[in-house]
Amino acid sequence: MLKKYDFVRTPPVEIVNDILSDSAKRGASDIHFDPHENFMLIRIRVDGDLVNYAEIPKDIQRNLITRLKILSGMNITETRLPQDGAIKGVINGMALDLRVSVLPLLEGEKMVIRILDYKRSLQGIEALGFSDSNYQKILKMIAVPNGIILVTGATGSGKSTTVYSILQRLNKEETNIITVEDPIEMSIEGINQVQTNSEIGLTFASALRSILRQDPNIVMLGEIRDSETAQIAVRASITGHLVLSTLHTNNSLTTIERLLDMDVERYLLASSLTGIVSQKLARKLCPKCSHMRPANDYEKKLFKGVLGVDITELPVAEGCDECTNGFKGRVAVHEVLLIDQDIRDAVSNGLKKDALRSLVYTSNVTTMLQDGLQKVLNKSTTFEEILKIIELDDDEHVEENSDLKAAITNANIATINENQTMIQQ
């Protein structure tokens, strides 16, 4: 149900404050202000899904956007160009840290506000949902004095949370840590953080060149975006620095291929790469209202083929007054690759993709599919959620098993039919 505001008696300042604080209380990660012909629709993203929040009359729209622009330090007279800003302060008793983006559209300006939440990062690596084996690999990675560790995944998959958690663990008196970020999402005491500014030439690449003369032990790059940054980062990692960064790729294999596409020399990549952490986020089951349902034949085949376990039932979401359609929060699904000498030799020698895939996924790696299905067995999420976020056809276990591939096809068809039925209803 949409939230109602008294736009006649309530000042725009109070409406804006209530939207920001109430969205944060509901656990939203983003607030969307979408202009339409006759009104503005506000939507909030909760646990990865956008839901309608409120409708704003057309004559109030400009006042709200102007108020938000003032709070975020934007130019209120500029309506033709995109703008970025930030809001940090206490609103309605809540300490909020927000990133604001404005984009001019046909019907007006669209604004998206990202609500930054550092609670998970502050809790440490242990709170990120790594399995025991993956957690031990992470500890081995960050214990290496030099090399490059990459956290990969799509936008909004929790990469920054993982990187900041690792930095918290590495932040010690005897260590000089310097970061280059755009934007700086979390201020950490004891860490030197650089905000890039492309307008004055302070890019990731130029900043990285400079900070290497600042005697760092550990360097964190917010993101590897181009070939120049990738090459400098790799060279920095083989000269005695531990480099942390993020990359927009889906898994370990595509990360290696992406870096090679960025013209990083094979021998440098082979000697510098320490580990790759790939992750995606699935909605987390509400413990109060979830229950078990019987598993069908293709689900039984899948769990038997991938995990080697026999199942008879699986958890399912129901919905209650404490959750959203049976889900509350999100859980990360991981694939952690600790680079060994065999993989280094394969990368250096230019091993073909299929052979490299076989080598990577036989080197004690828990694939994202395996980790996801294990989290289903742990009742952290549902089988349907794992189907949504993981490309099952690309998984090594599925590729080798024709019966399993047929089961996956049936599972995908069933999911599509279920979604169509829900839309029709």
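**Notebook: loops, sheets and a helix pair**

I began with P183, and I found its place in the loop between strand 8 (177-181) and strand 9. I looked at the bond leading into this residue, and the peptide bond from D182 to P183 is cis, with omega near -5 degrees.

Before going further I noted that I am reading a predicted model. I looked up its confidence, and the mean pLDDT of the protein is 89, with 92% of its residues at 70 or more. I also marked residues 418-425, where the pLDDT is below 50 and where the stretch has 1 contact in the model beyond near neighbours in sequence.

**The sheet of 6 strands**

I next asked myself in what order the strands of the open sheet of 6 strands lie. I read the order as 3-2-1-6-5-4, and the pairing as antiparallel. At the edges I found strand 3 (49-57) and strand 4 (83-91), each of which pairs on one side only. From one strand to the next I noted a twist that averages 20 degrees.

I then followed strand 2 (residues 39-46) to its partner strand 3, and these two pair in the antiparallel sense over 8 bridges. At one end of strand 2 I saw that V46 stands opposite D49 in strand 3. I turned to the loop between strand 2 and strand 3, where D47 has its place. I wrote down the phi of D47 as near 55 degrees, which is a positive value in a residue other than glycine.

I also looked for helices against this sheet, and I found that helix 2 (residues 58-71) lies across strand 1, strand 2, strand 3, strand 4, strand 5 and strand 6, running at about 115 degrees to strand 3.

**The sheet of 7 strands**

I moved on to a second open sheet, in which 7 strands follow the order 9-8-10-11-7-12-15 and the pairing is mixed. I identified strand 9 (192-195) and strand 15 (327-338) as its edge strands, each pairing on one side only. Ignoring direction, I noted that neighbouring strands of this sheet are turned by 20 degrees against each other on average.

Within this sheet I picked out strand 7 (residues 147-152) and strand 11 (residues 242-247), which run parallel and are joined by 6 bridges. I looked up the bridge partner of G147, and I found L242 in strand 11. I saw helix 4 (residues 132-143) lying across strand 7, strand 11, strand 12 (273-285) and strand 15, and its course runs at about 55 degrees to strand 15.

**Helix 6 and helix 7**

Last, I asked at what angle helix 6 and helix 7 cross. I found that the axes of helix 6 (residues 204-211) and helix 7 (residues 227-237) come within 9 Å and cross at roughly 20 degrees. I therefore describe helix 6 as roughly parallel to helix 7, since angles under 35 degrees count as roughly parallel. I recorded the crossing of helix 6 and helix 7 as left-handed.

I then listed the residues that meet here, which are F204, A205, L208 and R209 in helix 6 and E228, T229, I232 and A233 in helix 7. Sorting the contact of helix 6 with helix 7 by class, I noted 5 nonpolar, 1 polar and 2 charged residues.

How values were computed
Residues are numbered from 1 along each chain as its sequence is written. This is a predicted model: local features need pLDDT of at least 70, side-chain atom pairs count only at pLDDT 80 or more; totals for chains, interfaces and linings use all residues. Side-chain values use heavy atoms; hydrogens and water are left out. Axes are lines fitted to C-alpha atoms, for helices over the stretch in contact, and angles run from 0 to 180 degrees between N-to-C directions. Helices (H or I, at least four residues) and strands (E, at least two) are DSSP runs, numbered from the N terminus. Angles under 35 degrees count as roughly parallel, over 145 as roughly antiparallel, 65 to 115 as roughly perpendicular and the rest as oblique. A crossing is left-handed if the near helix is turned anticlockwise from the far one by less than a right angle, and right-handed if clockwise. Contact means heavy atoms within 4.5 Å. Ala, Val, Leu, Ile, Met, Phe, Trp, Tyr, Cys and Pro count as nonpolar, Asp, Glu, Lys and Arg as charged, and the others, Gly among them, as polar. Two strands pair if DSSP finds at least two bridges between them. pLDDT is the predictor's confidence in each residue, from 0 to 100.
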